[in-house]
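Please open the model in your viewer and keep the sequence panel in sight. The tour goes strand by strand, then out to the surface.

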Amino acid sequence: MGQYGNQPDFGTRALTITPQGTAGDSGDPGQLLNSAALYIGTGGTLCVTVVGPTDTGAAEPGATIFTNIPNGTFFPVIVDYVWEATDEGGTTTCSDIIALY
């Protein structure tokens, strides 16, 4: 969405998702979202892999944990994965998540 790559200014596709897999566990790869923006219906904690490199706040390479996300948030970060958990103990508590493209 917006100024990211070839994303349009407005979402044109939506996919309801459930957090899957454990970041850092190669046997549990999760669902690849291919650069999606997110709408968070029920807030909480969100474990994601952000598109592009992350070098601050990473629970492990590629995994970032966001906390205190309020209900009804258009999450302003483009992500490839929404993880159920991370090897470092982070757990996604957000629900009613929609990936927007």
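**Stop 1: strand β7**

Select β7 to begin. Eight of the 11 residues of β7 are buried, so the rest of the structure largely encloses this strand. The strand covers residues 73–83. Keep in mind that you are looking at a predicted model. Leave β7 coloured, for the tour comes back to this strand twice.

**Stop 2: the whole chain**

Now zoom out and colour by secondary structure. How many helices and strands does the protein have? There are zero helices and nine strands. Read along the sequence, the pattern is β-β-β-β-β-β-β-β-β. Of the 101 residues in the protein, 42% count as buried.

**Stop 3: strand β3 and its two partners**

Select residues 36–42, which make up strand β3. Five of the seven residues here are buried, so β3 is largely enclosed by the rest of the structure.

Now show the partners of β3.

- Toward β7: four bridges join β3 to β7, and the two strands run antiparallel. Pick A36 and look across to V79 in β7, which stands opposite.
- Toward β9: five bridges join β3 to β9, again in an antiparallel arrangement. Pick I40 and find I97 of β9 opposite.

**Stop 4: strand β4**

Move on to residues 44–50, strand β4. How many of the seven residues of β4 are buried? Seven of the seven are, and the strand is mostly covered.

Click on L46, which is found in β4. Is L46 buried or exposed? L46 counts as buried because its relative accessibility is 0%, and the cut-off for buried is under 20%. Next, draw a distance from the C-alpha atom of L46 to that of T67. The viewer should give 6.4 Å, although these residues are 21 apart along the chain.

**Stop 5: C47, with a partner in two strands**

Stay in β4 and turn on the backbone. Which strands does β4 pair with? One is β6, residues 63–69, joined to β4 by four bridges and running antiparallel. Another is β7, which also pairs with β4 in the antiparallel sense over four bridges.

Select C47 to see both pairings at one residue. In β6, the bridge partner of C47 is I65. In β7, the bridge partner of C47 is W83.

**Stop 6: two residues with positive phi**

Open the Ramachandran view if your program has one. Select N68 in strand β6. N68 is not a glycine, yet phi is positive at about 60°. With a relative accessible area of 70%, N68 is exposed, because exposed means over 50%.

Then select D96 in strand β9. Phi of D96 is also positive, near 55°, and this residue is other than glycine too. D96 has 51% relative accessibility and so counts as exposed.

**Stop 7: A23 and a contact across the sequence**

Go back toward the start of the chain. Strand β2 spans residues 22–23, and A23 lies in this strand. A23 is buried, because its relative accessible area is 2%.

Now draw a distance between the C-alpha atoms of A23 and D87. The separation is 6.3 Å, with their positions 64 residues apart along the chain. Keep D87 selected for the last stop.

**Stop 8: the negative patch**

Switch to a surface view and add D25, D28, E84 and E88 to the selection. What do these residues form together with D87? They form a negative surface patch. D87 is thus a member of the patch as well as the residue whose C-alpha you have just paired with that of A23.

Finish on E88. Where is E88 placed? It sits in the loop between β8 (85–86) and β9 (95–100). E88 counts as exposed, because its relative accessibility is 55%.

To retrace the route, start at β7 and follow the antiparallel pairings to β3 and to β4. From β3, step to β9. From β4, step to β6.

Notes. Residues are numbered from 1 along each chain as its sequence is written. This is a predicted model: local features need pLDDT of at least 70, side-chain atom pairs count only at pLDDT 80 or more; totals for chains, interfaces and linings use all residues. Side-chain values use heavy atoms; hydrogens and water are left out. Patches are made of residues with over 30% relative accessible area and no salt bridge: like charges are joined within 9 Å, nonpolar side chains (Val, Leu, Ile, Met, Phe, Trp, Tyr) within 5 Å. Accessible areas come from the Shrake-Rupley method with a 1.4 Å probe; for residues, only the protein chains shown count as cover. A salt bridge is a side-chain nitrogen of Lys or Arg within 4 Å of a carboxyl oxygen of Asp or Glu. Lys and Arg count as positive and Asp and Glu as negative; His and the chain ends are not counted. The place of a charge is taken as NZ of Lys, CZ of Arg, CG of Asp or CD of Glu. Buried means under 20% relative accessible area, exposed over 50%, partly exposed in between (1.4 Å probe, protein chains only). Two strands pair if DSSP finds at least two bridges between them.
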